[in-house]
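Reader: Hey, could you walk me through this one? I'd like to start with contacts between side chains.
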Amino acid sequence: MGQCDTKALFYVYSTQLVILILTGCLSSVISFGISRDTATFCPSNRQQIKAKRKGVEMDFSKYYRDSGSEDFRLGYVSDVEGHWSYFLDFVRRSNVLDWEDVGGDEEIKFRQLVLRPNTYFVYGGDSVDKGPGDIRLCRALVSLKQRYPDRVHLLVGNRDLNKLRFRSELSDFDMARPLEEIGKPFWDRNAKSLKEHLEQVRDNHVGVEDVPLERFNTKAERLRYMLKHTLGCPDTFEFRRNEVAVLRKIYGHYPYSVDHHATTPFLPENQYYDLLLNEVTDDNVVESFEYEINHPQGSLRQYLKYASIAAIVGNTIFVHGAIDSLTMKFVPSLESRFHLPETSPPPFKSIHKKATYQVNGRLIDDVHEWVDALNEYLQIGLDDFERRPNWNNERNSRGGEALLAIQNRPSMWGRSVVSVWYILKCFCSLQSTCHLPHFLFQHLGMQQLR
C-alpha cells in the first residue's frame, strides 16, 4: 500500500460495528485485551479509533464484552515496510513482544524476538520497501513464527507478493525485449514507461545525448525503474545498499549463513557511521533483491512461506486489505492473471445471495473454510512460483501468476482481500458498491466472527 501517516484504523460504517482492521499505510502498534473466544468489539456508531504514532499502546478494554472466558493480549502491527528503527521502537513499547539476548559481544549483540506468555501477535503484511531493514525484519518475523507457530500470524501484503515479479522481469529473456514492447504499468496511468525512464536517465548525464538508449538498459537501471515507477518505492534501491553494507560489516559477507537466520544482529549506533557503502555495487544490490525472493532461503521468500492471506484469532478475522461486499466469500481462480481482465466483471451483487456463480472464482459461505481456501491459494501459488521459473512461450503467464493477480485489485475486478489501493484509480465506477453493508456483518456475526 502507499505510505502515509495514517496509522492503525478501526472503521465503523453506517449503523454497524466494524469487523475489520484496514491496514493500508499502517505502521503503528495495537495491543489490546481480547477474550479468546467470545469478546465482542462494540464501539459506538461511526466511531474511528486511531492508534497513535510510534507504537503508543491503546487500551481497547472498554470496547469488549467478556463472557467469562480466559483473557489474552494480542499485539498487532502492519506496514512497517522495512523501517527498522520504527520496528525496534514498536517492540520497546509493545506489551506482547520482547528482545532476548542469545549471543554476541560488546560490539555486536544477537537477539531473538520472544512472545510473552498468554499473548498473540499478528503482523498485518507489507514487510518491505520503505526502509533499510527489509531483510532483518523478515528474518525476525519468520523466526518468531517458527518458534510460536500457533500464536503468531504473518499476513501477506501487496508489497510482499509483488516482488515475485523480479525473477521473470529481471531475467535475461526480459532484459532482451525491445524497449518499445514494454508499456506502462496498467494499474497506474500516470507512471512512466521504461523507455521514458531511460530517456530521463540519459538526459541526466552530460555529454551522452547521442549514446544509444540500450546502453542505459542495465539490470540495475531496470530494477530502479520497477521500484520507482511500478512499485511506488523510489528509495528502496539505496535502502538495500545500506542494509547489505550493514550485514557485511556484521557477518563479513553477504548473503550470510543459514545458521544465523534465526537471530537478529544489533550494532552500536556509532558503528552505522562506518559503513562502506561505496563497496556495495549496483550489481550487488540487484543480486540481493534476486536472492531474497528467488532463493528458497531468501528472507522474503521465507516470509511468504510462513505467511497467510487471512487469519482468524479468537473471533476476529484479519486480512491485509479489506473484506467488503466485493471480496466476502470470494476465492479467485488459480487461472487468474496479472493484467486487466478481458472479460466483464462477475455480478458483484450475487456475493450475498444464494448464487452459484463460479466463473473466475468460487464462493464459500463458511468463513473458516473460506480462510482455509484463501491460504491454500497462497501455497499453491508459491508452489507454482517454484515450479515455473520463467515465462511461458506466449509470455502471458509465469510462476506465481495467480499471486501477482491477487495482490492487484484491478486484476481481480476489485475482488482482493490483499490490496485496496488502486481500486480507486482503476474502478472508480465500482466505488458505490465497495462498502461494508449489513449483510456482511450478518454473515460474519452468524459465525461468531467480527
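Author: Sure, one term to begin with: a polar contact is a pair of N or O atoms within 3.5 Å; within protein, one must be able to donate a hydrogen and the other to accept it, and residues adjacent in sequence count only if both atoms are side-chain atoms. This is a predicted model, where local features need pLDDT of at least 70, side-chain atom pairs count only at pLDDT 80 or more, and totals for chains, interfaces and linings use all residues. Residues are numbered from 1 along each chain as its sequence is written, and side-chain values use heavy atoms, with hydrogens and water left out.

Reader: Ok, so which side chain does His229 pair up with in a polar contact?
Author: With that of His197, at 3.4 Å.

Reader: And is His229 buried or exposed?
Author: Buried, because its relative accessibility is 11%, and buried means under 20% relative accessible area (1.4 Å probe, protein chains only).

Reader: What else does His229 touch?
Author: Leaving out residues up to four places away in sequence, His229 touches Pro185, Ala191, Lys192 and His197; contact means heavy atoms within 4.5 Å.

Reader: How far is His229 from Leu194?
Author: They're 35 residues apart in sequence, and their C-alphas are 8.6 Å apart in space.

Reader: New topic: what's the make-up of the largest cavity's lining by class?
Author: That lining has 6 nonpolar, 1 polar and 5 charged residues. Here Ala, Val, Leu, Ile, Met, Phe, Trp, Tyr, Cys and Pro count as nonpolar, Asp, Glu, Lys and Arg as charged, and the others, Gly among them, as polar.

Definitions and conventions. Buried < 20%, exposed > 50% of the residue type's maximum accessible area, 1.4 Å probe, protein only.
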